[in-house]
Amino acid sequence: MEPTASAAPATKEINNIETISITDNRTGKQYEIPIDNGTIKALDLRQIKVNSDDFGMMTYDPAFMNTASCKSRITFIDGDKGILRYRGHSIDDLAERCTYLEVAYLLLHGELPNKAQLEEWTNNITTHTFVHENIKKFMDGFHYDANPMGMLVSTLAALSTFYPSAKHINDPKERQLTIYRLIGKVPTLAAFAYRHSIGMPYVHPDNELSYAENFLSMMFKVAEPKYKPNPILAKALDVLFILHADHEQNCSANAMRGVGSSHVDPYSASAAAAAALYGPLHGGANAEVLYMLDLIGTKDKIPEFIRDVKDGKGKLMGFGHRIYKNYDPRAKIIKRLADQVFEVTGRNPKLDIALELERIALEDDYFIKRKLYPNVDFYSGLIYQAMKFPVDMFPVLFAIGRMSGWLAQWQEMLLDQEQKIARPRQVYLGHDQREVVSLSKRS
Ligand code: SDX
């Protein structure tokens, strides 16, 4: 339905469609703008002009604080109630009753797999865990102390050169094959990055192991003929992958959609998403939490650290969230998971500092007023560290879980008829036209 500009008194509905009435006080003109799913189309504002030369009204929303970039059916978050659901299933239910590969299937197909579907899905992903031998040469080119997330971002992009047919993004078979390959290979690339950083030989995938078990084998296998993963640690890692699998339009999902909207191959788009995740305000926060706990050192230093944060000298990493203005439901699950892991690995002494930090922060008006609660990153790093993952591998672990979410968001964007190449507008506040001053005359 076309929006209408009229002088008629504002009406609530037109043809049973809810509308919002806007009066432009510059011209006295009134506009009825249709409301769809609690939003108005920004393009419907373009008719609001002061004269025929006027480009028309736009919205201005830096960092998209209040802008829906898409319609999605994948993940639902209620930030005030601390609710997170993948395709309608609560994160608690999924973490409790499913494996990561089941959840990855759910994100991509919309329903949990039946037995036969899960078997086929698992086989297809398992047979794509190997990477081309040349990837090793590529990895060997990195400095010995290269950050593994930097290595992952690069090798994800490099995969696009091994699979040129992935460019055929409108071919469902090609998309499905790339989805198998990316979910299958991201743990291998992650483990290879780690092995390179410690100067250990790469460990090939063991396709008899489960997804999380195989990753642990490629990470930690030494000279034993077959790696025997601890079932409790493998289960905990599988749950952590589930908790990190998707989170609607977060920064890296937005990157996946935005870069993917140019119709580049999904390997290159996932490299862009991984690059966004690398940032300390996003997926890099789980490592920053550990650096922060190391900096604080002991519980008696916490009050001084909190004072510094409140004086604007830094952030309480692992706290706060754009959407959650309540406790991140994933943080609650991770906190419970920590107890199970520490049963096996021994308690991470930094947990005491983290718990005291949380206790103080949740009582402090600065954090309460800003609705800052622990997010997914606050406790996850403590588990990873107890499982002997180095801190700079933490964002890489986040990326392994999030790959299925990125691919689900990418595919939904591609199949959405309302979507096209992402190209935002701007508010230009720069110079008007001016002449070039010759070099000799420039001050
Ligand atoms: C993830 O989007 C997602 O879904 C992300 C994610 C996912 O699954 O994909 O959930 C994963 O990225 C979790 C977030 C991990 N990042 C961190 O833990 C880094 C620390 N947190 C902050 O940087 C911050 O809370 C963000 C980035 C997470 C959210 O930032 P917003 O929504 O832009 O909020 P803001 O920066 O505008 O903060 C509002 C106020 C400010 O104070 P005032 O200017 O009003 O005085 O709260 C303050 C901020 O200074 N604030 C913090 C704080 N976070 C916000 N103050 C101290 N410590 C913090 N952690």
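**Notes on a predicted model**

1. At a relative accessibility of 19%, Thr 126 counts as buried, because the cut-off for that class is under 20% relative accessible area. This residue belongs to helix H3, and the side chain of Thr 126 reaches the backbone oxygen of Thr 122 at 2.6 Å. As with everything that follows, this should be read in the knowledge that the model is predicted.

2. Turning to the overall make-up, the secondary structure of the protein comes to 17 helices and 7 strands. The C-alpha atoms fill a box of roughly 80 × 65 × 55 Å when this is taken along the principal axes. For a chain of 443 residues, a compact globule would have a radius of gyration near 22 Å, and the value of 25 Å found for the protein agrees with that.

3. How much of the protein is buried? Buried residues make up 48% of the 443 residues, while the surface that the protein exposes comes to about 22,700 Å², with carbon and sulfur atoms supplying 54% of it. When contacts between residues at least 6 apart in sequence are considered, 69% of them join residues that are at least 24 apart.

4. On charge, the protein has 52 positive and 54 negative charges, and the mean positions of these two sets are 3 Å apart.

5. Helix H7, which spans residues 211-220, deserves a point to itself. Of its 10 residues, 9 are buried, so the helix is largely enclosed by the rest of the structure. The buried residues of H7 are Tyr 211, Ala 212, Asn 214, Phe 215, Leu 216, Ser 217, Met 218, Met 219 and Phe 220.

6. Which helices help to cover the buried residues of H7? The cover includes helix H2 (100-109), helix H3 (115-126), helix H6 (172-197), helix H8 (231-243) and helix H17 (394-415). Helix H3 is also the helix in which Thr 126 is found, which links this point to the opening one.

7. Two residues call for a look at their backbone angles, since most residues other than glycine have a negative phi. Arg 87 is not a glycine, yet has a positive phi of about 50°; its place is in the loop between strand S6 (83-86) and strand S7 (89-90), and at 23% relative accessibility Arg 87 counts as partly exposed.

8. The second such residue is Lys 388, whose phi is near 75°, again a positive value in a residue other than glycine. Lys 388 lies in the loop between helix H16 (376-386) and helix H17, and with a relative accessibility of 62% Lys 388 counts as exposed. Helix H17, at one end of this loop, is among the helices that cover the buried residues of H7.

9. A further loop residue is Lys 49, which lies between strand S4 (29-34) and strand S5 (75-78). Is Lys 49 buried, partly exposed or exposed? With a relative accessible area of 29%, Lys 49 is partly exposed. Leaving aside its neighbours within four places in sequence, Lys 49 is in contact with Asp 24, Thr 27, Tyr 31, Asp 54, Phe 55 and Gly 56. In the case of Asp 54, the side chain of Lys 49 reaches the backbone oxygen at 3.0 Å.

10. Finally, as a guide to distances across the model, the C-alpha atoms of Lys 49 and Arg 359 are separated by 53 Å, and these two residues are 310 residues apart along the chain.

How values were computed. Residues numbered from 1 in each chain as written. Predicted model: local features only at pLDDT ≥ 70, side-chain atom pairs only at ≥ 80, totals over all residues. Heavy atoms only, no water. Buried < 20%, exposed > 50% of the residue type's maximum accessible area, 1.4 Å probe, protein only. Helix = DSSP H or I, 4+ residues; strand = E, 2+ residues; numbered from the N terminus. Contact = heavy atoms within 4.5 Å. Polar contact = N/O pair within 3.5 Å; in protein donor to acceptor, adjacent residues only side chain to side chain. Rg over C-alpha atoms; globule rule 2.2 N^0.38 Å. Areas by Shrake-Rupley, 256 points an atom, 1.4 Å probe, with all protein chains shown as cover. Lys, Arg positive; Asp, Glu negative; His and termini not counted. Charge placed at Lys NZ, Arg CZ, Asp CG, Glu CD.
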